[in-house]
Amino acid sequence: MDFTQMTITEIDAKWSEVYAEQLKNERIIALQSTAIERLEEARKNGASVVDLLAKKQKVVEKAKKALSQAEEEEKPFLGEFERRGGWSRFYITRGSKPHIHSSMFCSTCNKDGKRTEFGWLPELSGLSEEEAVKEHGAILCTVCFPSAPVHWTDGRTKDDDLYCPGSRTADWDNAKSRRGYFTGNYGHCNHCGKNVTTPRGSIYMNKHKK
């Protein structure tokens, strides 16, 4: 991959896929590690869980290897980011009231030892705060963007009434959604009941009308 021939948005679009892989494997490790702890306790109490415990441990080891590989894959991206002197970025948090951050290390995120899940907005990379607001609404984080005007951070947009409140959120019905595929992923919106596409490498539904 020749980064020197790629635009900022192209780089971040690919980088977001690496991040998604890291996040997926971190989730697997956390969930399975919790299950292993419980199985260890059950075994101490005489339960026959040896086979299941071995399976869980294999899943964790596989996820750790995949995570390590994704972290290695990220290094060239980091190198190119530094070589170019960096550029503006925008990340959106998961939830019914998302906020856009300039960094994944905002002090309002990653609380109580839990890593906040972000959706990358690579199509905005390199743009200004004002341009981000025009695209995603007035949901800029006041900590990440302390100098932003209030009307860029109050959570409102001029066309709020036209669009479903589930736009650009992960508020979808998992049982009715298509997730984890290379293409064709969508979330079944809990607000309007529509199947709404999700950008590649993102967990958030696209902006859509009611």
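Reader: Which is Asn-110: buried, partly exposed or exposed?
Author: This is a predicted model, where local features need pLDDT of at least 70 and side-chain atom pairs pLDDT 80 or more, while totals for chains, interfaces and linings use all residues. Residues are numbered from 1 along each chain as its sequence is written, and side-chain values use heavy atoms, leaving out hydrogens and water. Buried means under 20% relative accessible area and exposed over 50%, with partly exposed in between (1.4 Å probe, protein chains only). Because its relative accessibility is 29%, Asn-110 counts as partly exposed.

Reader: And what's the phi of Asn-110?
Author: Asn-110 sits in the loop between β2 (100-101) and β3; helices (H or I, at least four residues) and strands (E, at least two) are DSSP runs, numbered from the N terminus. Asn-110 isn't a glycine, yet its phi is positive, at about 55°.

Reader: Which element gives the largest share of the largest nonpolar core?
Author: A nonpolar core joins buried Ala, Val, Leu, Ile, Met, Phe, Trp, Tyr and Cys residues through side-chain atoms within 4.5 Å. The largest has 37 residues, with Ile-11, Phe-90, Ile-100 and Phe-145 making the most contacts inside it. Two or more residues come from each of α1 (8-44), α2 (50-83), β1 (91-93), β3 (118-120) and α3 (129-136). The largest share, 5 residues, is from α1.

Reader: How many residues are in the other core, the one with Leu-39?
Author: That core lies apart from the largest one, and Leu-39, Val-49, Leu-53 and Val-60 are among its members. Its size is 5 residues.

Reader: Back to Ile-100: which residues is it in contact with, beyond its neighbours within four places in sequence?
Author: Contact here means heavy atoms within 4.5 Å. With those neighbours set aside, the partners of Ile-100 are Phe-90, Tyr-91, Ile-92, Leu-121, His-136, Ile-139, Leu-140, Cys-141 and Phe-145.
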